[in-house]
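Reader: I've got the sequence and the structure open side by side. Could you walk me through a few spots?

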Amino acid sequence: MEDYVLTTDDALKRGLELVGFSAARQSSVRRSKNMSRFRTWYGSNPVVHSGLWQKLHQTTIERAQINWKNLSYGRRVRYYFMAIHMLACYPTEQEAEGTWGKSDRTWRHWVWHIVGCIAAIKPEIIRWPSFWGNSDSEDETIFIITVDGTHCPIQEPTHPAFSENTKFYSHKFHSAALDYEIAISIFTQQVVWVHGPFPAGDNDISIFRNKLKEKMIWARDNSTTNTVYRGIGDKGYRGERGLLSTPSSHDSQVLRDFKARALSRHETFNKRLKNFDCLDERFRHSIAKHKQCFEAVAIICQLQMDCGNKLFLV
């Protein structure tokens, strides 16, 4: 069997066997029950993780290529699912030792190596389009993206003078957190931008001006028509009216409903991210590792959409 082949059925069977569901136990229940078990342990359906396995083996990005060190196919699959389980369930090393039968050192090495490789394929999965909208459109304005930040709880970062580092304070959690900026195409099932982390105390419009503003200006300046491309954000994005539109009492009812639905759709994606415990629970590792986890989960959630679990239409 070629190393990059892991069919959906193989992913389901092997993934469940690795966490204690024998072939006999799997065959004694309906497939839907096994699928539910798989999602509990790995956060997504096996078709998603089968596809991700193949992408990791076929990527041309050098730093995303896993160094398997001549490991057998079976051990590769085991270490791959160890990493996916960490993202989905975020166990302690002691818990992981009991589940996977590997030392904490082995678990730590392979999990963080593979998560880092997953995060490194981000340029192949999360892409800013080279073309926006319909060149034949006669609309004066086209809303192309929604943009929003999402906070993830972390342990309190050290401060040289105080017990609490106020710049990381999140009004959502009333404790330390990191903020990530996400942009999603309104009319396609595509995450086009993930940027961060930033301290949760940074405001949304400042983060937007850090880099995403340049992308929006590029989209505007490279339009082949007179159409104006704009994004939609919540009230935290006031201050860039030429590039971002926020909810306004002056909007028509139709436009008000459109903006609300677009932002609600974006929130649906943010909730999918938080289905992974590494982003939902208070993170115990470094900020650098959190960035890897966030980008890896964002990639998995994009693959979920590619595999049919789509966001609702605006």
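Reader: Which residue in strand 5 stands opposite Ile 142?

Author: First, a caveat: this is a predicted model, where local features need pLDDT of at least 70 and side-chain atom pairs count only at pLDDT 80 or more, while totals for chains, interfaces and linings use all residues. Numbering starts from 1 along each chain as its sequence is written, and side-chain values use heavy atoms, with hydrogens and water left out. Strand 1 (residues 141-153) and strand 5 (residues 228-232) pair in the parallel sense over 5 bridges; strands are DSSP E runs of at least two residues, helices are H or I runs of at least four, both numbered from the N terminus, and pairing takes at least two DSSP bridges. Opposite Ile 142, in strand 5, stands Tyr 229.

Reader: And in strand 3, what is the bridge partner of Ile 145?

Author: Strand 1 pairs with strand 3 (residues 175-185) too, in the antiparallel sense over 9 bridges. In strand 3, Ile 145 has as its bridge partner Ser 185.

Reader: How many of the 13 residues of strand 1 are buried?

Author: Buried means under 20% relative accessible area, exposed means over 50%, and partly exposed is in between (1.4 Å probe, protein chains only). By that yardstick strand 1 is mostly covered, and the buried count out of 13 is 12.

Reader: Is Ser 170 buried or exposed?

Author: Ser 170 is found in strand 2 (residues 169-170). Leaving aside neighbours within four places in sequence, Ser 170 is in contact (heavy atoms within 4.5 Å) with His 151, Ser 175, Ala 177 and Ala 200. Its relative accessibility is 0%, so Ser 170 counts as buried.

Reader: How are helix 6 and helix 7 oriented to each other, roughly parallel or roughly perpendicular?

Author: Helix 6 (residues 93-100) and helix 7 (residues 104-120) pack at about 95°, with axes 9 Å apart; axes are lines fitted to C-alpha atoms over the stretch in contact, and angles run from 0 to 180 degrees between N-to-C directions. Under 35 degrees is roughly parallel, over 145 roughly antiparallel, 65 to 115 roughly perpendicular and the rest oblique. Helix 6 and helix 7 are therefore roughly perpendicular.

Reader: Which helix gives the most to the largest nonpolar core?

Author: A nonpolar core is a set of buried Ala, Val, Leu, Ile, Met, Phe, Trp, Tyr and Cys residues joined through side-chain atoms within 4.5 Å. The largest has 72 residues, of which Leu 52, Phe 81 and Leu 87 touch the most other members. With 11 residues, the one that gives the most to this core is helix 5 (residues 73-89).
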